[in-house]
Amino acid sequence: DSILVRFEVQPGIYGTDFDDLSEAFNAPFLIGGTYIYNSNLQFVAGVSVDIEREYPVLPAAGVRWKVARQWVLNAVLPTPRIEFELYRDLTLYVGANIKQTNFRMEDDFGTKHGNPRLNHALLSYGEVRTGIGFEWKLSSILSMTGEIGYQPYRSFDFYRADIRFKEDGSSAPYGVVALRG
């Protein structure tokens, strides 16, 4: 009763060349486990697998700790944050979001941009976001979230073509509103 296991796969078309969908298809997945020490403390460990990524297997670990009645330290990647339960159905938070995904470029992408080495190349995109937000539980199966913040880091890496673009100096604000069900 104290161990939960999670498996999540995200199959899809990761690219813009729809002539040959088999080249752009990918199915990254994650598998993880949670050990529930008690209702206030849980330990999480897992691994993310994407065969198209430069490092195909990435392990991670974290902890979810209810520090006080309304406060939760949710130090679990990829979205670590500190949460405050304002009301039973409304939670405010401050935290981060670490994103990484891959896209297959078109067969003539490099030629169009003056570098034929990028034709049909694999682009690895990563970013880090920091921000504040809310989660409002509208019902047992529907919630609305909103977040605003700042993106201090992003990178565009054609690692197989050995071409890397680090966008350290071009950070930007962001905002998100989502309905989840």
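**Surface patch and salt bridges**

Student: Which strand holds phenylalanine 43?
Tutor: The place to look is residues 41-49, a stretch that forms one strand. This is a predicted model, so keep that in mind as we go. Phenylalanine 43 falls in that stretch, so by the DSSP numbering from the N terminus its strand is β5.

Student: Is phenylalanine 43 buried or partly exposed?
Tutor: Buried would need under 20% relative accessible area, and exposed would need over 50%. Phenylalanine 43 comes out at 40%. That sits between the two cut-offs, so phenylalanine 43 counts as partly exposed.

Student: How much accessible area does the nonpolar patch on the surface have together?
Tutor: Phe43 is one of its members, alongside Ile3, Val5, Phe7, Val9, Ile31, Tyr35 and Tyr37. Two elements each give two or more residues to this patch, namely β1 (3-9) and β4 (29-38). Taken together, the patch residues have an accessible area of about 850 Å².

Student: Which element gives the largest share of the nonpolar patch?
Tutor: Both β1 and β4 give two or more residues. The largest share is four residues, and the strand behind it is β1.

Student: How many salt bridges does a search of the whole structure find?
Tutor: In general, side chains of opposite charge can pair when their charged atoms come close. One set here is a network linking Glu52, Arg104 and Arg160. Over the whole structure, the number of salt bridges found is eight.

Student: Which lysine forms a salt bridge with glutamate 106?
Tutor: The closest N and O atoms of this pair are 3.5 Å apart, which is within the 4 Å cut-off, so the pair counts. Glutamate 106 itself is partly exposed, at 25% relative accessible area, whereas its partner is exposed at 56%. That partner is lysine 112.

Student: What is the N to O distance in the salt bridge of aspartate 108 and lysine 112?
Tutor: Lysine 112 also bridges to glutamate 106. Aspartate 108 is partly exposed, with 33% relative accessibility. Its side chain meets that of lysine 112 at an N to O distance of 3.8 Å.

Student: Is arginine 129 buried or exposed?
Tutor: Arginine 129 forms a salt bridge with glutamate 127, the closest N and O atoms being 2.7 Å apart. Glutamate 127 has a relative accessible area of 5%, so that side of the pair is buried. Arginine 129 has 18%, and because the cut-off is under 20%, arginine 129 is also buried.

Conventions
Residues numbered from 1 in each chain as written. Predicted model: local features only at pLDDT ≥ 70, side-chain atom pairs only at ≥ 80, totals over all residues. Heavy atoms only, no water. Patch = residues over 30% accessible without salt bridge, like charges linked within 9 Å, V, L, I, M, F, W, Y side chains within 5 Å. Areas by Shrake-Rupley, 256 points an atom, 1.4 Å probe, with all protein chains shown as cover. Buried < 20%, exposed > 50% of the residue type's maximum accessible area, 1.4 Å probe, protein only.
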